[in-house]
Amino acid sequence: MQRLKINIQGVVQGVGFRPFVYRLANELDLKGRVGNSPQGVQIDLEGDNENLEKFLNRLESDKPPLASINSTEIDRLEEIIGYKDFTVRTSDNNGDKSALVLPDTATCHDCLSEIFDPTDRRHRYPFTNCTNCGPRYSIIHTLPYDRANTTMQIFPMCKKCRDEYEDPANRRFHAQPNACPECGPHLELWDKSGKVLAMHDDALLAACETIRQGKIVALKGLGGFQLLVDARDDHAVRRLRKRKNREEKPFALMYPSLDNAAIDCDITSVEKNLLLSPQSPIVLLQKLNNNTNLADNVAPDNPYLGVMLPYTPLHYLLMHELQFPVIATSGNLSDEPICIDEHEALHRLKNIADLYLVHNRPIARQVDDSVVRVMNGSAMVVRNARGYAPTPVELMGSVASTLAVGAHLKNSVAIARGNFAFAGQHIGDLETTEAFEAMKKTTVSLSKIYDFKQEAVVCDLHPDYLSTRFAENSGLPIRKVQHHLAHVLSCMADNKISEPVLGVSWDGTGLGPDKTVWGGEFIAVDGRAAERVAHLRLFPLPGGDKAVKEPRRTALGLLYEIYGSDIFGMDELAPLRAFEKPEIAILQKALENKINTPLTSSTGRLFDAVSSILGICHISRYEGQAAMMLEYAGNSKATEQRYHYEIHNDKSKFIIDWEPMIREILRDCRGKISPGRIASRFQNTLADIILSVCNSIGQENIVLTGGCFQNKYLTEKTISRLESAGFKPYRHHRIPPNDGGIALGQIIAAAGEMEIEI
Ligand code: ZN
Ligand code: ZN
Ligand code: FE
C-alpha cells in the first residue's frame, strides 16, 4: 500500500480531466480524491504499487483529447488515510491562479449527433456542449473554471442536466456550460427596435429566411456579433460593404461543409485539418478559377478566400438550413472592435443590420474569429483569437507581474507572472474610442481571470499610441520597448529559441529611438544586448501617416530620394499619373522643403512604393492592401530573376541601398515587362538581400518577423534560400508576425531587461 499526492499543471480544467482520473482510478482499484485547484488538478491516491505505476503511465497516454500536461509533481506520502472509495471534489479557491484557461472549442461529434437526432432531448438545441467542446474563454470571469465563475451562473441546471453534471461517467460531468432547452439559454429574433419577433427554433428559421431574401442578419455568436449575408448575392454584399463602410477589404465566409467549400477553393490536407480542428479558424484558401458560386465583391481582386466551417451548434443549425456560403464578418463598423452585447448591438449596428438573431448567454469578452494562413506546409496564425487565445507561452526567466499593452494597429495585450506569459486575443486597431475601451476592458478582464495584480507595465516607444498613453497613465513602473525588437523577441518565444539570433524585422511602421520610422531592420540579439546591425536606406514619406494610406505618395518619396526634383517632370510614371496636378505641386514643395516628410527605412513602405510604381495600387482601402496586391500579382509567375542592390558599410552598420533595384524596375516598366513579373523579381530581390546580410553577419539562427512575413511568397522564398545556404530560419507559428505579436515581445524584453542599440 502506497499513497501519492499528484499535482498536475497544464490544460487540465474544463476538459474532462477529473472524470478521466475518476474512471482510471476505479479501473485500477485505486482510492482517494481528485479536485481542481487554481494551479491545476490535484490527486490524492492510495493503492498497491503496481497499479499506481500503471496509473501514472496512463495519465499521459490516455488523457482526454483537449487536455495537455505541462508538468506533473509527485510526492510519496508516509501517512496512509485508508480511503474507502475514489471521489471527485468540487473546487478549491485558494492559492495562486496559474491554471491554464482553455480557448473556446468547436462542437464535437458527439454533441453534433445529438443536435441532429430527433429523439434526443437536445435536438436542434443551439447551446449544446460537453467537456470535449463548447465555450470556455468567452464565458469565464475568473479561475477556477467552475460554473459559478462563468456567465452560465445565471442558468440553474434542471434535474436532468444536473444529473449529467454530477455523474463522473457522463460526458457532461462538470461541463460548466452544460445546458438544455429546458434550463439553458435560448434564441430570440429582434427587429431594429429590439422587439421580439420570434423565439427558439422559429427565430432561427426566420433568420435564415431573412438571409435568403438578401438581408443582413446580425448574429450573436460565440465571442461576439457577426454579420451574415448570402455570399452569392451581389446586391446583398454591396449593401453590406456600403453600410459597414468597408470598400474592398475581403470578407470572411462560412460554408455549410468542407465539400461545399471545395467547390470554390483549393484545399490542401493541412488546410483541411485546420478547418476541421477544434480551433476551427478562418483559413486563407486559394480561390479556384472556375468559381461561379460567389458574388464577385466578396474578395475583390484577391486570389484568396477567408473560409471557416460552422463551429457552434448555432452555426451548424443555421448552415444546415441554408446550405449555401454566407459572409460571416465581425459585427462592427470598420476599425471598431466587435459587439458582444445585444442591447449595445441594437445601437452600434443600427445602420447595418436588418434583423438581430440573439441569445441570453452573456459573452464575458470579445473573441473574434482567428485567421490562419498555411506556409511551407504548416499553419501561421495571423489573427490570434477564438480557439487559440489566451495563448500560454513559457518564458526563459521569471518576471514580476507585468502587463504589456502592445502597439497601435492589430492591438492585443499580454500579461506575465513568474515563468508564464499569456497572450490575449486580438482586439483591433486603436483608432476609435470603442477599440481603446475594449483594450482597457481586456487588460482588466485578463487580469481578473488570473487574479493578477499588475506591478509593472510595458509599452511601445511611440509617444502617440493610445496604448503608450494608457501605460503612462497607469502609475506603474514603465518600460518602453522598441517595436522591431519586440517583433524579434515574440518570434523567438513562438519558436522557443534563445539568443543569439539575427532578427529580420520587416513591417510597415514602428518608431526607432533615432525618431525615424523603422521597418526594414536587422537586429542582432545576444544576451541582453540587441543591436540594429543593418537597415534599408532611408527615404522620405510625404505627409507622414497620409503616405501610409496612399502608396502613390510613398512612391513619390522613394523616387525623389533617387532623382530629386527631376521626378516631377517624369510624367509617364504611374504614381505621378495617379495625382491631380495641383496636388503634385504641393507634394513637390513639401519634399523640397522637408515639410512633414519623415524619413523611413520600412520594407512595408518599399512594398507600397513598388506597388504604386507598377500601377497595382495607388491608394490603400485597408491596411496592407498595396503590399498584399503586389504579392498576389507576383505569386503565379515562377521566376528566379532578381534585381541589383548595394550594401554599404556605414559605421559598423550595413545600409541596404535599393536604388539600383528601383532604377531597374523603372527600366522594366518602360520595357513593358508585366507587373506580375516585376513583382516576382522584386520579392526575389528582397529574399536575396536577407541572404546577403545574413552572410555578412554570420549568425546561424535567423528570425523572420514583422507584418511583411505574412507574405507567403516572400517568407517561403526567404526560408528556402536561407536553408540552402546553411542557415536556420525561424518564422511565426502561433503568435502573429504582425503587430498582434508585439505585446508578447514587450513582455520578453521586460523579462530580459533588454535595450536596443542603434
Ligand atoms: Zn461536445
Ligand atoms: Zn437542462
Ligand atoms: Fe510592426
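Biologist: In what order do the four strands of the open sheet run?
Modeller: This is a predicted model. In it, four strands form an open sheet with mixed pairing. The edge strands, each pairing on one side only, are β19 (414-423) and β21 (478-481). The order is β19-β18-β20-β21.

Biologist: By what angle are neighbouring strands of this sheet turned against each other on average?
Modeller: The angle is an average over neighbouring strands of the sheet, with direction ignored. Its value is 65°.

Biologist: Over how many bridges do β18 and β19 pair, and is the sense parallel or antiparallel?
Modeller: Strands of a sheet pair through backbone hydrogen bonds, and the sense can be either one. Strand β18 covers residues 391-404. One of its contacts with β19 is the bridge between L403 and I415. The two strands pair over eight bridges, and the sense is antiparallel.

Biologist: Which helix lies across β18, β19, β20 and β21?
Modeller: The helix spans residues 742-752 and runs at about 75° to β18. Strand β20, one of those it lies across, covers residues 456-460. The helix is α23.

Biologist: Which residues coordinate the iron ion (ligand 3)?
Modeller: The donors follow the spacing H-x3-H-x19-D-x231-D along the chain. The histidines bind through NE2 and the aspartates through OD, at 2.0 to 2.2 Å. The residues are H483, H487, D507 and D739.

Biologist: Why is the arrangement around the iron ion (ligand 3) irregular?
Modeller: A tetrahedral site needs all angles between 85 and 135 degrees. The four donor atoms around this ion reach beyond that range, so the arrangement is irregular. The angles they subtend are 88 to 170°.

Biologist: How many residues apart in sequence are the parts tied together by H483 and D507?
Modeller: H483 lies in helix α13 (residues 483-494), and D507 lies in strand β22 (residues 501-511). H483 is buried at 0% relative accessible area, and D507 is buried at 3%. The pair ties together parts whose separation in sequence is 24 residues.

Biologist: What is the arrangement of donor atoms at the zinc ion (ligand 2)?
Modeller: The protein donors are the SG atoms of C158, C161, C180 and C183, lying 2.2 to 2.3 Å from the ion. Their spacing along the chain is C-x2-C-x18-C-x2-C. With angles of 104 to 117° among the four donor atoms, the site is tetrahedral.

Biologist: Are C161 and C180 buried or exposed?
Modeller: C161 lies in helix α4 (residues 159-166), and C180 lies in the loop between α4 and β6 (187-190). The relative accessibility of C161 is 0%, and that of C180 is 1%. The cut-off is under 20%, so both C161 and C180 count as buried.

Terms used
Residues numbered from 1 in each chain as written. Chains lettered and ligands numbered in written order. Predicted model: local features only at pLDDT ≥ 70, side-chain atom pairs only at ≥ 80, totals over all residues. Heavy atoms only, no water. Pairing = 2+ DSSP bridges. Axes fitted to C-alpha atoms, helices over the stretch in contact; angles between N-to-C directions. Contact = heavy atoms within 4.5 Å. Donors = N, O, S within 2.8 Å, 3.2 Å for Na, K, Ca; no water. Tetrahedral: all angles 85-135°; square planar, octahedral: opposite > 155°, others 65-115°. Buried < 20%, exposed > 50% of the residue type's maximum accessible area, 1.4 Å probe, protein only.
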